[in-house]
There are 4 protein chains.
Amino acid sequence: MLTTHPFDDDKLREECGIFGVYGAETASAMVALGLHALQHRGQEAAGITSWDGEEFHTHRAMGHVAGNFDNDEIIRQLAGDIACGHVRYSTTGETALRNVQPLYADLSSGGFAISHNGNISNATNLRRRLVREGAIFQSTSDTEVIIHLLARSRYRTLLDRFIDALKQVEGAYSLICLTPEGMIACRDPLGIRPLVMGRLGDAIIFASETVAFDVVGAEYIRSVEPGELIVVTQGCEIRSHRPFGESVRPRPCIFEHVYFSRPDSVLDGNSVYAVRKGIGAQLALESPVEADLVIPVPDSGVPAAIGYSQQSGIPFELGIIRSHYIGRTFIQPGDKVRHLGVKLKHNANRALIDGKKIVLIDDSIVRGTTSLKIVQMMREAGAKEVHMRIASPPTRHSCFYGVDTPERGKLLAHKMDVAQMAAYIHADSLAFVSIDGLYRAIGETMRDDDSPQYCDACFTGDYPTTLTDFDDMAEINQLELLHERVV
Amino acid sequence: MLTTHPFDDDKLREECGIFGVYGAETASAMVALGLHALQHRGQEAAGITSWDGEEFHTHRAMGHVAGNFDNDEIIRQLAGDIACGHVRYSTTGETALRNVQPLYADLSSGGFAISHNGNISNATNLRRRLVREGAIFQSTSDTEVIIHLLARSRYRTLLDRFIDALKQVEGAYSLICLTPEGMIACRDPLGIRPLVMGRLGDAIIFASETVAFDVVGAEYIRSVEPGELIVVTQGCEIRSHRPFGESVRPRPCIFEHVYFSRPDSVLDGNSVYAVRKGIGAQLALESPVEADLVIPVPDSGVPAAIGYSQQSGIPFELGIIRSHYIGRTFIQPGDKVRHLGVKLKHNANRALIDGKKIVLIDDSIVRGTTSLKIVQMMREAGAKEVHMRIASPPTRHSCFYGVDTPERGKLLAHKMDVAQMAAYIHADSLAFVSIDGLYRAIGETMRDDDSPQYCDACFTGDYPTTLTDFDDMAEINQLELLHERVV
Amino acid sequence: MLTTHPFDDDKLREECGIFGVYGAETASAMVALGLHALQHRGQEAAGITSWDGEEFHTHRAMGHVAGNFDNDEIIRQLAGDIACGHVRYSTTGETALRNVQPLYADLSSGGFAISHNGNISNATNLRRRLVREGAIFQSTSDTEVIIHLLARSRYRTLLDRFIDALKQVEGAYSLICLTPEGMIACRDPLGIRPLVMGRLGDAIIFASETVAFDVVGAEYIRSVEPGELIVVTQGCEIRSHRPFGESVRPRPCIFEHVYFSRPDSVLDGNSVYAVRKGIGAQLALESPVEADLVIPVPDSGVPAAIGYSQQSGIPFELGIIRSHYIGRTFIQPGDKVRHLGVKLKHNANRALIDGKKIVLIDDSIVRGTTSLKIVQMMREAGAKEVHMRIASPPTRHSCFYGVDTPERGKLLAHKMDVAQMAAYIHADSLAFVSIDGLYRAIGETMRDDDSPQYCDACFTGDYPTTLTDFDDMAEINQLELLHERVV
Amino acid sequence: MLTTHPFDDDKLREECGIFGVYGAETASAMVALGLHALQHRGQEAAGITSWDGEEFHTHRAMGHVAGNFDNDEIIRQLAGDIACGHVRYSTTGETALRNVQPLYADLSSGGFAISHNGNISNATNLRRRLVREGAIFQSTSDTEVIIHLLARSRYRTLLDRFIDALKQVEGAYSLICLTPEGMIACRDPLGIRPLVMGRLGDAIIFASETVAFDVVGAEYIRSVEPGELIVVTQGCEIRSHRPFGESVRPRPCIFEHVYFSRPDSVLDGNSVYAVRKGIGAQLALESPVEADLVIPVPDSGVPAAIGYSQQSGIPFELGIIRSHYIGRTFIQPGDKVRHLGVKLKHNANRALIDGKKIVLIDDSIVRGTTSLKIVQMMREAGAKEVHMRIASPPTRHSCFYGVDTPERGKLLAHKMDVAQMAAYIHADSLAFVSIDGLYRAIGETMRDDDSPQYCDACFTGDYPTTLTDFDDMAEINQLELLHERVV
């Protein structure tokens, strides 16, 4: 397995990034660049589909965008000035090429390609019904149910058929679709996953994060709003639809601010970097400690550590050095050296730490395995005291909206209270930012418990949708819908 | 492109070979061996699907069986004692992995895998209708229409649904299908493509040719009869069905005797080698010539040349030596050396030929390009006279039943009469065996023109089925049903 | 391992083929074609070196010429109108890229590339001495000693230094060398391995066999004579040298006639095909048998079988059909099917053989493993009697001149007399052509025992040179000169 | 090209890292880990040689250690408890596998492997002489001259022969050699390149930097001293030799402190991180500026930026976000998007920078191309003023001791004075640390101009050795010693 995760294995993992361009001469090259900028949202596979006015062209590959899509020949074959793409970390479905998006189908209306960030939480039920009716699935992806619902809809226009399909699904979805009639971008009624719209010259661009606009030199226009469906047609004309009405209060994912999005992205008007520094400052206010150094767990803890340092006055220092070569994970050979693991990625800056009291800042604790190793590494390097501060509340619940979470039983915060966790990771003290402190850093005064402003189910267990497929968790674990294993 | 055709490019090409095993511990290993023995029937791709009682397992690959399926790890993953496979030279549809058979689908009845030798001649029409009804195709193969028809059939049992599907298709099909309920083997009502049944211990085996039984050590039982559908279930129990009645006279493909089948196969009771020697003897009777040597065009002309030599008394000699390394085609680099083509495959045995009158024996002439080069090579090697004798009648018509023929306009015999052809290839004389001579070599007294015993449409233009998709040839050439190109 | 031997594993194996062109615009493309035509002389690796008047260019690859050298880009990089190449089956030295020829060295006189067919039988002794003197070897090939001897020679001109080097080596060598001063081709004093000279336009060509001339369209001039050294310089001028005098009677390898050379080659004026037919005729005279069919073991037994058939009047028939796909060996997966081996390559033409008395013709018996299986296959196919006739005398001794022979103890003819061998392979009778019969087929009246006309040591044990390295066979087996294993 | 440089292309580049282990059961696995930790010193190729008491084993590969050496099978084949390895960025010689170190030779004393960090500055002269004497080089690497000198030395013992060879070479070399008699580690008399000695259990370890000890869990003992030669033999016994006497004052490379070494390494007793922070503080003292933010050019500018921020009181912020996926460079497809280059690696944190006066901190300026782009990026993100501060003096001279520097004419500081450079990169102000300031940060009071404490030739032009090969620079540029190009 060549591709790996630069972020720690002991993190929640965003599942997907999507990017689409309408009306640029070099559409597929721009999609490749945009996906490269979104690579942190999905490292296992990537795909691009283009439409040249006559034919659709698709290339999919396991692995990173770089190395697979930075190839003149491939980009040339992805002809046309309309294209969309997808980077993927597998949520549901095996990691096989036929699950790599954009998914494509020949419909009676012509070709149809779809890129999906999120997760359909009633996909299993829908699929079962569709197969009974004679549908043949080509992937094991939840996204494919949308295509089959669309293909079978009795409505007349493609747009009505697409809306008919969306009304039958529940869960989280930000979508970019390619059709001979134009590009469709939309976001589920709660707006759980992000989607932004930009412009470069005349071309209209959609992306999961604004950072992808920076890379291609595009200008940010606005977010696609929760429940909004935008159609771009001939001449880059834009029409906005509201197929679901506007009654529900949106609840975008709060973890995008904590960890998923890049610090140089802007989410719904908030600088991600500034929010993270703000969380660090909140932490310094809520859980102060007397220490010599503030040390970030690289790289995700850096902004919060700067915030903590500036608020507390304790100097910020690089106490942990991160190898630059972990883009390609080193698989340690030989049994005797296997326990060295974490040192390949991080190494203590021993000369700095020796004899010091330190505050370690990390963005979250998932299973706790990495925190345990890092505290131990600090102690071996001579730290006198190790205080851990976490820039999010304890992660206690699974996500069903397109984020890879370990089963609940493996979440450290599900099994232990904060004191037990401190003991487990051998920290002298441990503190998490409060849920209200987190909301405060994003600019709210506090969480509105009656109608929360964000989806924070991973911290609170307060899920914003029904979870049809998951009502019986035991059942889902046994479910073996698909018998074929491609070897 | 690694895989190539050992047989001359200037030949008709059989499209597929199929092989299935029910009830052997090493089913998928046996399928791999069987497909290897059938490799001459399709060299571009191969696939195997197995059923282990719980799950289906599939592996498909571009290229030869050897190198792709002679791998312990892959065979181990293809677990189970029931398996079927396919070798393919692309007929319809691009040469992409998703067109490689066995095709597989998850139906409401469970998994379903299908291997198909032949061609559905109304597939385009059926596909158009199915897409209109919401079906989503995963391949561009004509075979997939059978699966969709089956998935949508209103009949209750899987077998009735399958027969319902078959009754809607026209053309040529020998099929081996894998279902959780057992293996199904069947042959279209005319029996255009071959299919034989054998046994190894308790296991039941189906194959395109008997030579595949020899390789796995199995015993030949009988041909699957035209219009017969055989179901093998638990305990290797066999049930024969006749879903199409028995009114039509079968018309198996006569070209299997001329060229497609291996000389060591037995087709409907006739040794292919003996038939080919018989054709050679017929040629010697019908078109004698005074000459010093009988020389086969290797390798397909050898049996007929032996027959010609034995009938005529002119000695059989190897006047053309074939390179042993053409399994991997040498692509000549450099413009200046490109014209050398044919010498890489064949070389004149100059010391033998110089100053001699020779009879060249080949099985067929398609475009005539190779014949032209070989006659020229003989003359350059010093041959005094070159007489060409062909072990089949002139090939004047296209095949729509699973054989790769050039468009009609490129068939030499469509454009010229025999005298013109002789002039074109620069032969001193040229003769083809008569159509009745050909039937005679297979054991008939002559062709029954009212109700021919074989499909000989490539020689006579007398097609045994309607050709729905091809009524308007111009149309079919324009038709661009599928817009997606996988790059 | 991708590359394999189309010839039976149970054969002696020629080690190398060489080819060189002086003065053609497309020199390296011609070398690639020539090597492709010589591929039967070495299938494990190939290499080409060219000289463009300023720089030497080299490409080496494991595997066949096709697939490695039929590439415009590679041929273009092998610039210049002078080039030589090599195909290799490893004799001495591991099969690693750095042993692949042409070997190259930067000498004080400039670059020097060498292609060698044969084996230096005192290489181990010379190497030991050279290393003691400070030489650093880059390969484990015996050929490299020639370069070091040349580099260290005290003579002044490159030619004198080269001759000085050759005078220190013993054994078999046909060489083509590239230097800034011209091309050198030479053959050891006994002329053990073949080397021929040809012409295409102005260009001078050297090759192991004439068949390579046919493929590139060149004209055969003459053999390079045993002990002759030819220098080609500016303007394709040729100068012939006789550095070793002319006292010794040449003894070229007789096995080239029996098996190594292609049947369409001409060796020292004799058509290889005609010689092999002649051996078959001798066999029919010396060891007649009453039978229904003469059947060749394909493909090497075919010419002798035709000769036997024509002499005896028993019809020649294809009783064994050879798969066309063995260029890529099928490695049988699964233990249960491993014993099927031989059927993957050969299959009995059962319909022909059943109930018949047959004469099987093969060119040689080495270990006897294949003969055993083929006789058994014939019996299983129903043969009433199986008589084996071999177109060479019993192979009883190892070769030390560039041919891969099993250790002597594994040669069937070393362990058994003819009667025992017949019993071992279960033949009803077995006969070998006599040594004088073999000489007769090549045009001699008989073997001159006092001063034999050929090297026939593999049959007679009469080695034409001293064997310095091999005086103590036990020692050589232990000798582990080279400690580095490239993993 | 798969492998790339995570560090900016516009930097000087250390050429090599070396690592050796004597006496550990898992020696080659430890070497792989150690090389991985030294990957920043050479990313183009890697190699390991081991000695198992009987045989040497070598594996070399183009590309990173991860992906090539983290493989159980390869590590298992590199058997033995003594091993050494090398990572490489090519200095002299083409980047071909045969130049990848460790270089290996079979000498009369047995095998000999050598890993070299540095550059022999009279290699061309030595090579010319050796070739004239009959030596045949297998690589184009300067290191190989050491082996030939050793092989040809007239001294009796291996150690004396090795010292004899070293006395003939000039330039920079830290070496780890493997012989059947033990491991040899040594450093040139000036100690230009670093080499440290550590211990893990009984095993003795040598490495280019201490960070490699951290990764394998070893303990740092001391530096190998300039001019010291250490032999480790049976039982991990260590003997130190001083073959060159002790008269010269050492001059280790000062750029190791500035950029080459990892911040978590300790160089001759100085923490690299602390030195770099110290340079930043010096810069703040020498060249203060009024500004809102201190922003590092990631990643190499971070420690100096922290130092600058702490000294000046201006807050440290992440104003440039670095992509995590540049381990694999994205090659932008399509002409129209090619100019986007730098944004793929760095992106401005626009929300932070807009409207601010900033101080940018980088470690050095080489060609200035990156500085230009980064200043421009800051302005486009809205920076009001951009002040650049460089944590080293202007780089004005080439290095001949194993560091890849552009030809002198391309060094920005060679062509311009500081004011011109500021204008060129469009900075509001530009300042470099003074040479004495740099020495001060390392703990000296100032540079001793009569006998400098470090090699700082890249800043001062004061080269510590003669430069035999480079006396005539014009000549060296023409010199085309090696004619063979491996294609």
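Which strand of chain A holds A:Cys16? The place to look is β2, residues 16–22 of chain A. Keep in mind as we go that this is a predicted model. The UniProt annotation "active site", from an unreviewed entry, covers A:Cys16, so this residue is a good place to begin.

Is A:Cys16 buried or exposed? A:Cys16 is buried, because 26 other C-beta atoms lie within 10 Å, and 20 or more are enough to count as buried. Leaving out residues up to four places away in sequence, A:Cys16 touches A:Arg41 and A:Gly42, then A:His86, A:Val87 and A:Arg88, then A:His116 and A:Asn117, and finally A:Gly402.

Let us step back to the whole of chain A. Its secondary structure comes to 17 helices and 24 strands. Of its 487 residues, 59% count as buried. Among contacts between residues at least 6 apart in the sequence of chain A, 71% join residues at least 24 apart.

Chain A is divided into two domains: domain 1 covers 13–251, and domain 2 is made of 274–323 together with 339–447. The C-alpha centres of these two domains of chain A lie 35 Å apart. Where they meet, 14 residues of domain 1 of chain A are in contact with 5 residues of domain 2 of chain A. On the domain 1 side of that meeting place, β1 (13–14), β7 (110–120) and β8 (171–179) of chain A each supply at least two residues. The largest share, 3 residues, comes from β7(A). By character, the residues on this side of domain 1 of chain A divide into 4 nonpolar, 6 polar and 4 charged.

Now for a second annotated group. UniProt, again in an unreviewed entry, places the feature "binding site" at A:Cys253, A:Cys399, A:Cys455 and A:Cys458. These residues are spread over 206 residues of sequence, yet they cluster in space, with a largest C-alpha distance of 10.2 Å.

Two members of the group show how the pieces come together. A:Cys253 is found in the loop between β14 (237–241) and α7 (255–260) of chain A. It counts as buried because it has 28 C-beta neighbours inside 10 Å. Setting aside neighbours within four places in sequence, A:Cys253 is in contact with A:Ile192, A:Arg193, A:Tyr401 and A:Cys455; the last of these, A:Cys455, also carries the "binding site" feature in the UniProt record.

A:Cys399 sits in another loop of chain A, the one between β21 (385–390) and β22 (403–404). A:Cys399 is buried too, because 23 other C-beta atoms lie within 10 Å. With neighbours within four places in sequence left aside, its contacts are A:Thr405, A:Ala457 and A:Cys458, and A:Cys458 is again one of the positions in the UniProt "binding site" feature.

What about the nonpolar interior? In soluble globular proteins, nonpolar side chains tend to be buried together. Here the largest nonpolar core has 628 residues, and A:Met378, B:Met378, C:Met378 and D:Met378 touch the most other members. In chain A, the contacts of A:Met378 beyond four places in sequence are A:Ala348, A:Ile353, A:Ile358, A:Leu360, A:Ala383 and A:Val386.

Some helices are well wrapped, and chain C offers a clear example. Why is α4 (residues 144–152) of chain C described as largely enclosed by the rest of the structure? Because 8 of its 9 residues are buried. The buried set includes C:Glu144 and C:His148 alongside C:Val145, C:Ile146 and C:Leu149. These buried residues of α4(C) pack against β6 (103–107), β7 (110–120), α3 (123–132) and α5 (158–166) of chain C.

In chain D, helix α4 (residues 144–152) is likewise largely enclosed, because 8 of its 9 residues are buried. What covers the buried residues of α4(D) includes β6 (103–107), β7 (110–120), α3 (123–132) and α5 (158–168) of chain D.

Our last stop is helix α9 (residues 302–312) of chain C, which is mostly covered, with 9 of its 11 residues buried. Among them are C:Val302, C:Pro303, C:Ile306 and C:Tyr308. The buried residues of α9(C) pack against α8 (272–286), β17 (293–296), β20 (357–362) and β21 (385–390) of chain C. Just after α9(C), C:Gly313 takes a positive phi of about 80°.

Technical notes
Residues are numbered from 1 along each chain as its sequence is written. Chains are lettered from A and ligands numbered from 1 in the order in which they are written. This is a predicted model: local features need pLDDT of at least 70, side-chain atom pairs count only at pLDDT 80 or more; totals for chains, interfaces and linings use all residues. Domain bounds come from an automatic or database domain assignment. Two residues are in contact if their C-beta atoms, placed from the backbone, lie within 7 Å. Helices (H or I, at least four residues) and strands (E, at least two) are DSSP runs, numbered from the N terminus. Ala, Val, Leu, Ile, Met, Phe, Trp, Tyr, Cys and Pro count as nonpolar, Asp, Glu, Lys and Arg as charged, and the others, Gly among them, as polar. A residue is buried if 20 or more other C-beta atoms lie within 10 Å of its own, exposed if 12 or fewer, and partly exposed in between; C-beta atoms are placed from the backbone. UniProt positions are given in the numbering used here, feature names are shortened, and annotations may be inferred rather than shown by experiment. A nonpolar core is a set of buried Ala, Val, Leu, Ile, Met, Phe, Trp, Tyr and Cys residues joined through C-beta atoms within 7 Å.
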